[in-house]
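Here is a walk through one protein model, written for someone meeting it for the very first time. Take a look at the picture, then read on.

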Amino acid sequence: MSAPFEERSGVVPCATPWGQWYQTLEEVFIEVQVPPGTRAQDIQCGLQSRHVALAVGGREILKGKLFDSTIADEGTWTLEDRKMVRIVLTKTKRDAANCWTSLLESEYAADPWVQDQMQRKLTLERFQKENPGFDFSGAEISGNYTKGLKL
């Protein structure tokens, strides 16, 4: 089942067994559901330019080479309501052409519909950034998009 395009927040989530990930022009967000009552001291999180590793209570949840590079010293993680870990990674390439098709090089790929919705969202975000003051909230992007361009 495909994830819906959330108009209000502009988030196009890609569901995973452990939670979801989504992206903006500048950042990648990873939301991992953890057992209720989890404490920060139970979490081991390693963030590098091209790698991510997350373990909770000694159990590996996520580990691998990221789809593209990030700024390592700008990556953060937080524990929210003792039931979700949110990781925020800053992309090194910050434009609509850098739409990640998966979180890791070989795992957690967005299906074609979700990928198209992600690209549309990033293209709309790019238009907003390039044209401050214009209201694109009712804009609809049509056609198939890849690397920020209409095909």
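Which residue in S6 is the bridge partner of Ala-53? The partner is Lys-63. That pair is a handy way into the fold, but a word of caution before going further: what you're looking at is a predicted model.

**The hairpin and its sheet**

Ala-53 and Lys-63 belong to a bigger ladder, with S5 and S6 running antiparallel and joined by six bridges. Another pair on that ladder is Leu-54, which stands opposite Leu-62 in S6. Two residues sit between the strands of this hairpin, and Gly-57 there takes a positive phi near 60°.

Now bring in one more strand. S4, S5 and S6, in that order, make an open sheet of three strands with antiparallel pairing. S4 and S6 are the edge strands, each pairing on one side only. If you ignore direction, neighbouring strands here are turned by 0° against each other on average.

**Stepping back**

Time for the overall plan. The protein has one helix and ten strands. Reading from the N terminus, the elements go β-β-β-β-β-β-β-β-α-β-β. There are 151 residues, and 43% of them are buried. The protein exposes about 8400 Å², with carbon and sulfur atoms supplying 51% of that area. Among contacts with a separation of 6 or more, 54% are between residues 24 or more positions apart.

**The five-stranded sheet**

There's another open sheet, this time of five strands, ordered S1-S2-S3-S8-S7 and paired antiparallel. Strand S1 (14-16) and strand S7 (76-80) stand at its edges with a single partner strand each, so one side of each has no neighbour in the sheet. From one strand to the next, the twist averages 20°. As background, strands of a sheet pair through backbone hydrogen bonds, either parallel or antiparallel.

Let's zoom in on one edge. S1 runs antiparallel to strand S2 (residues 19-23), and three bridges join the two. Cys-14 has Trp-21 in S2 as its bridge partner. Across S1 and S2 lies helix H1 (residues 112-130), running at about 40° to S2.

**Inside the protein**

Trp-21 turns up again in the interior. The largest nonpolar core has 30 residues, and Trp-21, Ile-30, Leu-62 and Leu-103 have the most contacts inside it. The elements giving two or more residues to this core are strand S3 (27-33), strand S4 (43-47), strand S5 (51-56), strand S6 (59-65), strand S8 (84-90) and H1.

You've already met Leu-62 in the hairpin. What does Leu-62 touch, leaving aside its neighbours within four places in sequence? Its contacts are Trp-18, Ile-30, Val-52, Ala-53, Leu-54, Leu-103, Leu-104 and Tyr-108.

**Rings that meet**

Two names from that list, Trp-18 and Tyr-108, also pair up with each other. A search of the whole structure finds three aromatic pairs, and here are two of them:

| Pair | Distance between centres | Angle between planes | Type |
|---|---|---|---|
| Trp-18 and Tyr-108 | 5.2 Å | 75° | edge-to-face |
| Phe-67 and Trp-100 | 6.0 Å | 45° | tilted |

Trp-18 is in the loop between S1 and S2, and Tyr-108 is in the loop between S8 and H1, so this pair links parts of the chain 90 residues apart. Both Trp-18 and Tyr-108 are buried.

The other pair links distant parts of the chain too: Phe-67 is in the loop between S6 and S7, while Trp-100 is in the loop between S8 and H1, 33 residues away. Are these rings buried or exposed? Phe-67 is partly exposed, at 27% relative accessible area. Trp-100 counts as buried, with a relative accessibility of 0%.

**An unusual loop**

One last stop. Most residues other than glycine have a negative phi. Asp-81 goes the other way, with a positive phi of about 55° although it is not a glycine. Arg-82 also has a positive phi, near 55°, and is not a glycine either. Where are they? Asp-81 is in the loop between S7 and S8, and Arg-82 is found in that loop as well. Asp-81 is exposed, with a relative accessible area of 67%, whereas Arg-82 is partly exposed at 43%.

Conventions:
Residues numbered from 1 in each chain as written. Predicted model: local features only at pLDDT ≥ 70, side-chain atom pairs only at ≥ 80, totals over all residues. Heavy atoms only, no water. Helix = DSSP H or I, 4+ residues; strand = E, 2+ residues; numbered from the N terminus. Buried < 20%, exposed > 50% of the residue type's maximum accessible area, 1.4 Å probe, protein only. Contact = heavy atoms within 4.5 Å. Areas by Shrake-Rupley, 256 points an atom, 1.4 Å probe, with all protein chains shown as cover. Pairing = 2+ DSSP bridges. Axes fitted to C-alpha atoms, helices over the stretch in contact; angles between N-to-C directions. Core = buried A, V, L, I, M, F, W, Y, C linked by side-chain atoms within 4.5 Å. Phe/Tyr/Trp six-rings, centres within 6.5 Å; stacked < 30°, edge-to-face > 60°.
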